[in-house]
Every structure is written in structure tokens, then in C-alpha cells.
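Q: I would like a close look at a single part of the model below, followed by whatever context helps in reading it.

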Amino acid sequence: MPELRKDPIIGRWVIIATERAKRPDQFAASAQGPKEGPCPFCEGQESHTPAEIYAIRPNRTPANTAGWELRVIPSIAPFLRIEGDLDRHGRGIYDLMNGIGAHEVVIETNQHIANIADLSDEQITKVVACYIDRIKDLEKDTRFKYVLVFKNYGWVAGGGRVGHSRSQLIATPVNPKRVKEELVGARYYFEHHERCIFCDLIKQELDTKDRLILDIDGFIAVAPFASRFPFEVWILPKKHCADFTKMEVCLRRDFAKILKQTLLKLKVGLNDPPYNYILHTAPFRRNKVGYWKSIDYDYHWHIEIMPRLTRVAGFEWGTGFYICPLPPENAAKFLREVKI
Amino acid sequence: MIGRWVIVDTDHPSAPSDFEIEELTWAGGVCPFCLGNESLTPPEITAIRDPATLPNTPGWQVRVVPNKFPALQIEGDLNRKGLGIYDMSNGVGAHEVIIETPYHHKDIPDLLNEEIENIIATVCSRALDLVKDKRFKYIMIFKNYGPSAGASLEHPHTQIIALPMVPKNVLEEIHGAHAYFEYRERCIFCDMIRQETQEKERVILENKHFVSFCPFVSRFPFEIMIAPKKHSSYFCHIPKEEIPSLASILKDTITKIKKIFPKLAYNYIIHTTPIDGEETEGYHWHIEFMPKLMRVAGFEWGTGFYIVPTPPELAARYLKEIKD
């Protein structure tokens, strides 16, 4: 069972792999990605993955056979395990708990396509619907507090050996630190202004337009004012909404469209860079008294896209203070002008 | 939102073509930090050199120069302003480079203990000098070694950045340590060091004044912490007689890990108390050593929640078993 440990000083949790512990010779020395192997995620290879949890099968074909448009499977190398009860305990000054959680992989297409930007709007809409369905399903498990949805594209960004478009969901038994920080920040602003900070941000970005990249129907894509990385992009719904799973059904396609166009601009403009994206949404709120009472008003879901063009060095690690070599205004201008 | 500051380079904004997607080898070419190439760097701030040699000529052992492409600039007054919902500050600060050796291929394990002592003494004296500038609130000392650790030059060097604000990660650590101190009236680091030196499970090396161990809550495989055993807030106040102990544990620890991973890229950062900071009782300076063995992916970025594939107990055992 993996172990979760809490930093006694700043309160950060880490996951320690105890079973599949790596020996020193198992770390690849070079930064170069390994050669691509056979793809277990393509249609017809269903027997090479764990049994599916969820799939879109328009012709009602049996599970774990061909004839699907999108599949969700448990991770082959999960960071956290689904079985067991939560157990928190102490050891001297240290806090730990067992590594309960869920780790799922969304196979976004049955075709061997690497970048989600190359999928159709319809297919990306299915991916969005799948995220919502899976988060709602995991919410039923009361051991979980948060579901993180993210994508690692390209080797440098932590992607796998196989160039087949997929993303991951991890349900965690604690609210991750960065998620909490953002929630606390948003709540603080709300307490002082009685307005959502993200709504104010969207208004300001639509007014100044300096950092605006795309403005499509219900969504905008902007280079954030305090970008940590060159060409960092956030996509936000214009209408206030704290919870990604509460997105109106009619908006799903607009979201898919802006996500595709943004990622396509990065691909065309920057020569197909590796990237990560992370969905930021409200954690599960299970009628706890006094718990995040204003969250539906003060928080606003969004997605953060981080192309991996620079390396994070000692300074950034030590300070949490990022040096961004390109002003977001220049990045936005460049991306606005990229023809797709 | 979460109070994190970022630095935006508006003077030399990079064009999209300036970013290399994958950089596997060193650039090569002439090294400005090598012996004989002193004219290729900005004029030196200080140096440890042979008597009767002139500044910016050969004959030095350790040399400090301003960073040619500083993240922050030394001139000007601090000026914070607002822009709608956003906060800005101009980039006032100092950014210096300590060239650790005249020889291009010598990293810490290849140097003599006395040479490392010179580096530590030089870093301390620069920090003590920068502390005098009232505009600065924090002195950050760190090293990037190897291209995947973010080093742009191969020649071993340490960097000092003086900042006009206390960075977020440091503040968090200080708040955490202070909360523990308020509650128990003891330093959390002292308690941690006591627990580690008693349990010994994660300890790599220990000498009279210092201990090196793999932290219980490592974020990275083979992460190492080096800390003074006696409570001490400021790195730059390290007593002269303790410098040889620090040099020796630093050298022996890095030698061990480089024996396991010969081509290792790494970062280390000195965590020290902010200048005239509030609520800093219960903070204890230390060095965080982070080997670059993994690719940080979306999950870590999104959550600040790290996945460590080698438990620190196991990493410590591998490191302990390496013979010098």
C-alpha cells in the first residue's frame, strides 16, 4: 500500500510508493524519451489494458472489445489504491495515512493520435462529458475529497511511452495543498469585495484585451497576468460557475471548441511543444456545516495549460517564485496571430 | 489568487524560437567562467585570489560576478503599484554568480575540502554584504547543476539572488515552523533532527556539527536535507569553526549520490531566515538537495502533491552503503 505523508512544516502531503519502490538503476539517466512501443490503447488491443470502468459504445458492443469511441481504465501503475479504509496516524512528529485513492486513465480516441488538439470538436465534447461523468461517479465514494483531472502531453511533460491521446483522473482522500490555496485566496477576495475574483479577472481581460487569446461563445482563453511559464494559458467560462460538473450541457461543445483551438495554436505556433493541462474545479462539498459556505459564489472553475518550454530550476523550487522569460502580453499577441 | 509572485522578463522577452524543446547536451563553445576568460564576465565583485594578482585576471580560486542576464536589477527604488485587480512591483534585486572553481569539470566531489570551505566563506560574506541593503528582504542561495536542473552553463557555479519580498515557499515554511513553535515552544527542525538522529533510518552522514538525511516527507526520490545540529536561524551567521564540518558533509554527501548516479543533474537551495522577518523564532536554516531524476508532471503541478517512487528510508540505505 502506498503511503501518504504530511510535511509537518508547510502541510504538504506526498505519496511514497512502498511496493513498487524504485532502485537507483531504474531511473533513466537521459532526458530523452524512450522509443515508442506497441500501443495498448488502440482499438482492437482491449485485452492489453485492465478492464474498462466506463466507455462510450454507440452500438452497444460488449465491454473490453472493439467498437468504442472513448474508454476509461484503471491506471496500470496507480499512485493510489482503491481498496481499504482510510487510516491516519502519527509517528513522532510526523503524520501519515495509507494511500487510498482512485487513478484512472481516459483513452480519448480509438485512433492512434497523440495530441487532443487533433481530435474533432465532437470527440473532445465526449472527453468533456466523460470527465463530468467520472467525477460525479467518484463523488459518491465518501472517502474522496477531490478529483484532479489532468493531461501530460509529451515525454518532457511526464507523458508516457505511447503517443496515444489520453488524460488522467486521480481522486484523493485529502484536498491537495495548491487547490486549497486557490480556494482560500478566492474566498478572501470574496469576503472583501463580495464578488468572484475570477469574474473580475474575466471582465478586466475582456476590457483591456492585452492578454486575450480567444473569445468564443461562453469562454475566453487568456495569458494570465502573473504567468509562471511562457505561453501559459487559462480557459475560463464567462458565466460564473464553481463546479466543472455543473457546466450546462449546451456549453460542453463550446468548451471543447476553445480547448481545441487553444491547443492547436500552441501546436502550430510553437512546433508541437510538450504541455500539461490541469482542471481546477471546486472540491466535493458534502453538506459539512460551515465548510466552504461561499464556495459556489467565490470560486470559478477553469483549466490551466502549461507548455513545457523552460526548465524549472533551483530558484523556482526554493521560492515558489517563477521567472517567466516572456511577458504574457507578448505571448497572447503571438498566439492571437497564429493561424490555425 | 494564491499570493504567488512571478518575475516577467520585459527587457529581453524571448521569441518563440528561443525555446528549445529538448536540450540534451551542453552548448559547448568558450566558457566565460574558466581561468583566463575573466574578461568575458562583468567585472568581479570579490574573489579569493593569490596575493599580487589583479581583479579580473587569472590567479583566483573563487570568483563572484554579477549575473550577465539578471532576473532582477540592482538599481532603483522599490515601487509597488496596482493595475485593476492585479498587483505589480518593479524588478529590483541583486543577482550574483559565485564561480566555485577555475576548472570547468570540477564539481563539489572533485574539490579539496579547503576549496569548498572557501566557497562557503565567500557565499557567506556576499550574503552578509547584501543583508545591509535595506531594500532586500530575502537572500536566496542556490545551485543548478546540469542542463536538466536548469543550469545554462556547465561550469560549476552557485547563485545568490537578493529579493525585495519574502518568497511564498519560504513564508509557508516560516509560518509552519512558527505555528509549531507557538504551540510547543520548540523548534520543529530541532525536533526533526533529534528524531532522525535517534531513529537513524533516514540518516546518511553525521559529523560534529551537521547531519545529512533523506527527509521523511521527501518530494523527490533521493532528496536530501543537510542541517546544523545546533539551532541556528541564519546561514550567513555560521561560526567559522563549523565551516569545515559543512564542507566535509556537503562533499561526502554529494560524492555518495554521484557514485550512484554518475551523470546526475541536481539543484540545491539554502533555506535561511528572512532579513528582519517577523515570527521567525523556531526557524532553522538548512540545505535542500534535489536530484533531478524525475519529470514533474501535471499531477504535481496541480496539487503541490508529490509522488515519490523511492521511499526515503530506502534511498538513505543506498546512500549509506556507498563506500567512499
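How are H1(B) and H4(B) oriented to each other: roughly parallel, roughly antiparallel, roughly perpendicular or oblique?

A: This is a predicted model, in which local features need a pLDDT of at least 70 and side-chain atom pairs count only at pLDDT 80 or more, whereas totals for chains, interfaces and linings use all residues. Residues are numbered from 1 along each chain as its sequence is written, and chains are lettered from A and ligands numbered from 1 in the order in which they are written.

Helix H1 of chain B covers residues 113-131 and helix H4 of chain B covers residues 243-260; helices here are DSSP runs of H or I with at least four residues, strands are runs of E with at least two, and both are numbered from the N terminus. The axes of the two helices come within 9 Å and cross at roughly 115°, where axes are lines fitted to C-alpha atoms, for helices over the stretch in contact, and angles run from 0 to 180 degrees between N-to-C directions. H1(B) and H4(B) are therefore roughly perpendicular to each other, since that term covers 65 to 115 degrees, with angles under 35 counted as roughly parallel, over 145 as roughly antiparallel and the rest as oblique. H1(B) passes H4(B) in a right-handed crossing, that is, with the near helix turned clockwise from the far one by less than a right angle, anticlockwise being left-handed.

On the side of H1(B), the contact is made by B:Asn113, B:Ile116, B:Glu117, B:Ile120 and B:Ala121, and H4(B) contributes B:Ile243, B:Pro244, B:Leu246, B:Ala247, B:Ser248, B:Leu250 and B:Lys251; two residues are in contact if their C-beta atoms, placed from the backbone, lie within 7 Å. By type, the residues of this contact divide into 8 nonpolar, 2 polar and 2 charged, where Ala, Val, Leu, Ile, Met, Phe, Trp, Tyr, Cys and Pro count as nonpolar, Asp, Glu, Lys and Arg as charged, and the others, Gly among them, as polar.

The chain around this helix pair has 6 helices and 14 strands. Of the 324 residues of chain B, 44% count as buried, meaning that 20 or more other C-beta atoms lie within 10 Å of a residue's own, while 12 or fewer make a residue exposed and counts in between make it partly exposed, with C-beta atoms placed from the backbone. Among contacts in chain B with a separation of 6 or more, 67% come from residues 24 or more positions apart.

As for confidence, chain B averages a pLDDT of 85, and 88% of the residues score at least 70, on a scale from 0 to 100 that gives the predictor's confidence in each residue. Among the elements of chain B, strand S10 (residues 210-213) has the highest mean pLDDT, 98, and strand S1 (residues 6-8) the lowest, 46. Over residues 6-10 of chain B the pLDDT is below 50, although the model has 18 contacts for this stretch beyond near neighbours in sequence. The pLDDT also stays under 50 over residues 15-24 of chain B, for which there are 16 contacts beyond four places in sequence. Where pLDDT is low, the predicted coordinates should not be read in detail. For the complex, the predictor gives an ipTM of 0.74 and a pTM of 0.83.
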